[in-house]
Amino acid sequence: MSTHEEHVLVIPASVIDEIGVIDGFESDIDRFLGPILQSDLLSYRPRSAMEVDPSFKQLIPYVVLEWTDASGRLHVFAYTRGGGGGEERLHAKRSIGIGGHISREDAADGKDAYATGMQRELAEEIQLDAEYTETREGLIYDPSNEVGQVHLGVVHRFVLDSPQVASNEVELAEGGFVSIDELREQHERLETWSQLALDALYGQVG
């Protein structure tokens with residue numbers, strides 16, 4: 001094992017359980033996220049161990065990029081997960097979320113580790129040249145699969161004033177803005193988190 005293994009930000013599952021139950025998309029974000037980010041039980045632990053330990057949840061910013069064209073038609077940035085160094089268990093799935101783990105290095109010099117980590121992940125994965133407004137929309141927890149059992153997603157909505165976004169990594173293949181109607185047609189191809197975010201933010205099919 002590398003002596004430089006990434007240490008990622010995690011919260012004990014018991015802290016979340018004391019607040020309430022999250023199963024799928026939870027819109028009452030303030031109820032959960034405030035206590036989680038303020039908890040003295042937050043810690044940085046080796047990523048390899050955390051990927052197989054459901055007693056801890058890795059905090060993952062999950063940014064949805066939204067843009068409305070001149071005709072008023074809503075679009076969301078989507079991509080296909082490729083074969084790079086990311087989560088192999090999600091490859092070939094379509095996604096509408098940009099983001100990743102918060103690393104110990106994100107807390108250097110007293111910085112806000114969560115905000116710093118989110119911006120670092122965005123800069124690594126995409127080139128974002130548009131102005132935007134940001135809101136936090138909810139939390140995602142999906143215990144139905146191995147990936148979901150060890151991650152807690154924090155969904156952020158970025159409303160862009162132009163579609164100036166491009167993929168920086170081969171991991172984000174076929175990146176581009178897709179209409180909500182098209183995404184609904186691709187619903188079964190989306191990773192579970194993207195299905196949950198799409199339904200919660202833009203309404204379910206039918």
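Strand 1 and strand 4 (residues 56–68) run antiparallel and are joined by three bridges. Here strands are DSSP runs of E with at least two residues and helices are runs of H or I with at least four residues, numbered from the N terminus. Two strands count as paired if DSSP finds at least two bridges between them. Within this pair, V10 has Q58 of strand 4 as its bridge partner.

The model is predicted, so local features need pLDDT of at least 70 and side-chain atom pairs count only at pLDDT 80 or more, while totals for chains, interfaces and linings use all residues. Residues are numbered from 1 along each chain as its sequence is written, and side-chain values use heavy atoms, with hydrogens and water left out.

Strand 1 is also joined to strand 3 (residues 43–46), by four bridges, and these two strands run antiparallel. In strand 3, S43 stands opposite V10. Strand 1 itself covers residues 7–12, and six of its six residues are buried. Buried means under 20% relative accessible area, exposed over 50%, and partly exposed in between (1.4 Å probe, protein chains only). In a regular strand, side chains alternate between the two faces of the sheet.

Two residues other than glycine have a positive phi, as listed below.

| Residue | Phi | Location |
|---|---|---|
| D109 | near 60° | loop between strand 6 (94–95) and helix 4 (113–125) |
| E174 | near 55° | strand 11 (residues 172–179) |

D109 counts as exposed because its relative accessibility is 76%. E174 counts as exposed because its relative accessibility is 58%.
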